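Let's take a walk through this one together. Have the sequence and the model open side by side, and we'll go from the whole chain down to a few charged side chains.

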Amino acid sequence: MLGLTKVALLLAFLASLALGQRSMRPWSQSDRSRRAAPNTFTDLQSAGVTEWTSWFNIDHPGGNGDYERLEAIRFYYRERVCPRPMAMEARTTDWVAAADTGEVVHSSLDKGFWCINKEQPNGRACSNYHVRFQCPSAQSYWTEWSDWGACSTTVCDDVGIKVRHRKCVNSQPLPLLLVPACQGHHSERRECSTPPCTAKWRPWGRWGTCSVTCGGGRRSRRRTCARTSAKVQCTGRPVEVQKCGKAPCPSKCQLACPEGRPSEDCSLCVCEGHILHGEVLSVTGVPVAGAWVALANQPKVVLARTDAKGQFRVTGVCSSSSTLISISKDRFAPVTVSGTSNTTGISWVHAVLRSAEKPYMIKHPEDKVRYEGGRALLCCKATGSPAPDKYYWYHNGTLLDKKMYKYEEELVLRDLKPEQSGQYYCKTSSPAGSIKSSPSVLTVIARGTPACNSTPEAHLIRLPMDCVQPGTNSKYYNAGRCLHNKCAGSLDFDMSCRDGAGFCCGVQQMETRTIDCGSYSLPIRAVTQCSCQKCVSQLCWSAVEWSLPTITSPCGSDTYTSVKRELAPPATKEVLPCILPLIPKG
């Protein structure tokens, strides 16, 4: 009976609360700006017993307006406001509902209530508001979503599902029938995918030991493939092999020594107890002190040095004719000599050192003209004491690769290209110094390009002083000439240091012309066409000085004019127009 009484009282209490809620004017959760109006907001997640909080007023309308922010209220009053209010009511301090003030206000169950002065009509200011919130007595709400779980599949390049969860919690314990349940699902699913399948080599391991210690062997190293699926493979080989142990294996010495025994490295014969005496003099018979004495096949291993008397002494060197001794000294040309011996185990060496002479050129490379695709040979040679033994060739100042061109004193150029035109010179050296040849010019004429311009260039010659050409006051006449430059002709043999016959642009055709000088006619030979031909020194009369005396014939009736002609010097190698003997006019 007592239990029924308690239930009846609880139902009456809930009914009274419901009637009380109908008389209130709550605010909705909308963030829109509007004039205050009664709105009823009911949280769909909560139902049942609710209660109102006390009134809160944390701001005043001065400044920009009145701001009753839910975040600030919770900061000052902590737990007096529930986490999820169901409704909100706002009134002025004069107890006027916000809907009756005629002011523009804003409200939100998440943010609170606010009124902005500049939004009010007629320049009025916001009233001072206080607010309260309606909270459920028994609050049921969802917690925050958890992080997404792992994908249901672990296979690469596949599709699966991942899940996240949340819980429905109550802030106050109530009987099970009075606790409102949270609306919605407690879990959420989403499709997920795994990365594409990959295969990648791990770093190489260390090299293994060589299969042999000499004579040539092999060693290997390995690497493994890190892959996410058996469907994919790494590209390449898992094993790498390298040659090793290249040093030759020691073998039995095959050196046959007429006397003595082979040395440990089998490079020469060693005669125990044998003594080599030597004397080194200059060409004038003066002893040379400080000269280096070594075996010819091991010039860098110095066995002894000469003393102030130019003498030296070496032990253990055999006296056979195959044993050669190298003697050298700065500013002297090195020499190689063999010793003479007797049966007493003593041999003698006598050497004469000549002063070193810097190398000098005795053959310089010569100019060449070739067609594209042809070939050319450039030569140089130097001598000195000692004789130069290293040659280097340069093209336009750049050293040519010796391995590519395989040159020494001679440079061979094949399949010529126009870009190979330019200056070439050689440089050689010896222990006494180095020398450079004079440059030679190689001209490569491209295919389709004429070797020589057939049109002669303008060349003015001076006429006799009394030769006046009708219609002009010029004392000169254009007789033409050919540029005396080298061209590519047809050679009998193109791979010689010096071409047998050079080719130059020269006169191919001339014509005779007559110049009207008024009182007489002046015949002249003019150049009309040029071509490539063998270079020759053509001599012709050139108009250098003119003298025009009047000569009277024995009969006294005719007069003639004569011309003084001078022969062009051969050194000019220039083809000059020929002026024929003068012809009397009339």
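**From the whole chain to a charged trio**

The chain has an accessible surface of about 35,900 Å², and 52% of that belongs to carbon and sulfur atoms (areas come from the Shrake-Rupley method with a 1.4 Å probe; for residues, only the protein chains shown count as cover). Keep in mind that this is a predicted model: local features need pLDDT of at least 70, side-chain atom pairs count only at pLDDT 80 or more, and totals for chains, interfaces and linings use all residues. Residues are numbered from 1 along each chain as its sequence is written, and side-chain values use heavy atoms, with hydrogens and water left out.

Of the 586 residues, 33% count as buried (buried is under 20% relative accessible area, exposed over 50%, partly exposed in between, with a 1.4 Å probe and protein chains only). The chain holds three helices and 44 strands; these are DSSP runs numbered from the N terminus, helices being H or I with at least four residues and strands E with at least two.

Now zoom in on one sheet. Three strands, in the order β2-β7-β4, make an open antiparallel sheet (two strands pair if DSSP finds at least two bridges between them). At the edges sit β2 (50–52) and β4 (87–92), each pairing on one side only. β2 and β7 (residues 129–136) run antiparallel over three bridges, and glutamate 51 stands opposite cysteine 135 of β7.

What does glutamate 89 pair with? One salt bridge goes to arginine 132, at 2.9 Å from N to O (the cut-off is a side-chain nitrogen of Lys or Arg within 4 Å of a carboxyl oxygen of Asp or Glu). Glutamate 89 is in β4 and arginine 132 in β7, so this pair ties together parts 43 residues apart in sequence. Glutamate 89 also forms a salt bridge with arginine 91, where the closest N and O atoms are 3.0 Å apart. Shared partners join Glu89, Arg91 and Arg132 into one network. Glutamate 89 is buried at 4% relative accessible area, arginine 132 is buried at 16%, and arginine 91 counts as buried at 16% too.

Arginine 91, in strand β4, has other company. Its side chain reaches the backbone oxygen of tryptophan 95 at 3.4 Å. Leaving aside residues up to four places away in sequence, arginine 91 touches Trp55, Val96, Ala97, Ala98, Asn128, Tyr129 and His130 (contact means heavy atoms within 4.5 Å).

Terms used
A polar contact is a pair of N or O atoms within 3.5 Å; within protein, one must be able to donate a hydrogen and the other to accept it, and residues adjacent in sequence count only if both atoms are side-chain atoms.
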